[in-house]
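Q: Please take a close look at how charged side chains pair in this structure. Please then set that part beside a few other local details, in terms suited to a first-year student.

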Amino acid sequence: MTYDTIILGAGAAGMMCAAHCGGRVLVIDHAKAPGEKIRISGGGRCNFTNIHAGPGNFLSRNPHFCKSALARYTQWDFIDLVGRHNIAWHEKTLGQLFCDGSSKQIIRMLLDEMSGAGAELWIQTSLRDLRKTESGFALEVERDGQRQHLTCTNLVLATGGKSIPKMGATGLAYDIARQFGLRMTETRAALVPFTFSDGRFKDLSGVSLPARLSNDRASFDEALLFTHRGLSGPSVLQLSSYWREGEAIRVNLIPDLPLLDLLRAQRQSAGRKALTTELARHLPARLVDYLCRVIPMSGKLADQSDAKLTGLTSALSAWQLVPSGTEGYRTAEVTLGGIDTDDLSSKTLEAKDVPGLYAIGEAVDVTGWLGGYNFQWAWSSGHAAGVAIAAGRQPTTL
């Protein structure tokens with residue numbers, strides 16, 4: 001069977017690309033259903049984009065690479081698409097947009113867009129062989145226990161990265177990229193919780209609070225969650241993309257709280273109160289109990305000098321920790337790194353030295369922040385490749 005375009009991967013980027021390619025398009029995925037990452041995202045409501053999405057919210061060895069695709073298909077374009085499909089949505093903190101209903105509405109929307117464009121979808125289909133031909137690519141796939149031979153002019157790698165292997169994630173796109181001579185940047189788990197091998201935060205599991213997490217490269221003010229394995233929450237996931245093994249992180253437990261002034265005022269009006277009791281008015285009590293082990297905070301408020309209170313608030317605003325590692329791809333929301341952008345056109349996402357080969361979405365060395373940014377890259381990169389394919393498409397001879 002011959003197609004103009006075959007897309008490997010029925011995720012966000014692959015389905016978006018299929019909706020714009022034109023001609024005979026086939027999308028292949030080994031999963032039981034399309035859009036599995038979409039389905040589970042945002043607690044089942046899909047954080048489908050962010051109103052603040054821009055190049056500064058993405059990590060890549062080439063920070064300029066994402067600019068073209070993001071500019072030509074913006075968050076406002078996708079919001080318009082969502083509106084045309086009558087999907088109600090709402091904004092949460094920091095510009096994050098979610099469905100009012102279910103993430104399945106986004107999947108249905110993409111499937112409807114694909115269907116309207118005449119694209120086919122084969123799920124539970126595995127790639128068995130792939131080679132380059134003079135006119136494009138030849139594939140052998142297995143579907144319903146049968147081997148089928150396919151040919152196409154354009155091949156799009158949209159199988160994502162290694163994150164969440166229990167959902168079927170593999171390094172297939174990387175393997176294919178290497179097969180055709182494309183280079184890879186280092187890949188690692190990103191948007192992932194930190195772990196501490198000594199289980200030091202086990203007793204704090206479930207405690208959360210606003211915090212500022214930072215290192216020498218980045219800083220994020222969002223929620224911090226203690227777990228039995230270590231640290232999680234949005235601030236942790238964000239910083240994990242900028243962290244390397246062995247490095248220290250700084251935790252500010254009072255980022256927007258004038259704690260020194262509050263403690264000094266209480267020292268005057270309620271000096272007999274225990275310092276820890278007063279701290280528990282501003283921080284979770286279980287956290288205060290834990291911090292007593294690592295930061296001096298005994299005695300009554302009246303016993304605390306300005307120097308002691310200053311030292312305490314300084315310690316709470318610059319708690320130094322060295323994570324043992326992260327939870328890895330098992331729970332990572334995304335893969336950092338991937339197919340080297342130097343080998344791709346920033347406008348079309350086509351491989352510079354392999355005509356007809358495209359790479360989009362998470363497979364590429366472009367990784368967004370937490371909060372809908374990675375979905376926006378999927379929409380933008382999928383659209384860029386699809387439009388480029390449609391513009392260069394020739395009629396297929398069957």
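A: The answer below begins with the salt bridges and then turns to a sheet, a helix residue and two loop residues. The model is a predicted one, and every statement should be read as a description of that prediction.

The general idea comes first. Side chains of opposite charge can pair when their charged atoms come close. In this model, the count of such salt bridges comes to 24.

A useful place to begin is Glu 278, which takes part in two of the pairings described here. One partner is Lys 273, whose side chain meets that of Glu 278 with 3.3 Å from N to O. The other partner is Arg 281; here the closest N and O atoms are 2.7 Å apart. The three residues may also be described by their accessibility. Glu 278 has a relative accessibility of 0% and is therefore classed as buried, since buried means under 20%. Lys 273 has a relative accessible area of 26%, so it is partly exposed. Arg 281 reaches 51% and therefore counts as exposed, because the exposed class begins over 50%.

Salt bridges can also be linked through shared partners: Arg 128, Glu 140, Glu 142 and Arg 147 are joined in this way into one network. Within that network, the side chains of Glu 142 and Arg 147 form a salt bridge of 3.4 Å, again from N to O. Glu 142 is partly exposed, at 25% relative accessibility. Arg 147 is partly exposed as well, with a relative accessible area of 47%.

The next detail concerns the backbone rather than charged groups. Three strands make up an open sheet with antiparallel pairing, and their order is S3-S6-S5. S3 and strand S5 (89–91) are the edge strands, each pairing on one side only. Neighbouring strands of this sheet are turned against each other by 30° on average, when direction is ignored. Helix H4 (residues 75–84) packs on the sheet and touches S3, S5 and S6. The direction of H4 makes an angle of about 140° with that of S3. Between S5 and strand S6 (residues 96–99), the antiparallel pairing runs over three bridges. His 90 stands opposite Phe 98 in S6.

A residue in a helix offers another kind of neighbourhood. Thr 313 lies in helix H11 (residues 306–317), and at 10% relative accessibility it counts as buried. The side chain of Thr 313 reaches the backbone oxygen of Thr 310 at 3.0 Å. When neighbours within four places in sequence are left aside, Thr 313 is in contact with Ile 254, Leu 259, Leu 260 and Leu 263.

Two loop residues complete the account. Cys 46 belongs to the loop between helix H2 (36–40) and strand S3 (47–50), and that strand is an edge of the sheet described above. The phi of Cys 46 is near 60°, a positive value in a residue other than glycine. At 0% relative accessibility, Cys 46 is buried. Leu 191 is found in the loop between strand S11 (188–190) and strand S12 (194–195). Leu 191 is not a glycine either, and its phi is positive, at about 50°. With a relative accessible area of 2%, Leu 191 is likewise buried.

How values were computed:
Residues are numbered from 1 along each chain as its sequence is written. This is a predicted model: local features need pLDDT of at least 70, side-chain atom pairs count only at pLDDT 80 or more; totals for chains, interfaces and linings use all residues. Side-chain values use heavy atoms; hydrogens and water are left out. Helices (H or I, at least four residues) and strands (E, at least two) are DSSP runs, numbered from the N terminus. Buried means under 20% relative accessible area, exposed over 50%, partly exposed in between (1.4 Å probe, protein chains only). Two strands pair if DSSP finds at least two bridges between them. Axes are lines fitted to C-alpha atoms, for helices over the stretch in contact, and angles run from 0 to 180 degrees between N-to-C directions. Contact means heavy atoms within 4.5 Å. A salt bridge is a side-chain nitrogen of Lys or Arg within 4 Å of a carboxyl oxygen of Asp or Glu. A polar contact is a pair of N or O atoms within 3.5 Å; within protein, one must be able to donate a hydrogen and the other to accept it, and residues adjacent in sequence count only if both atoms are side-chain atoms.
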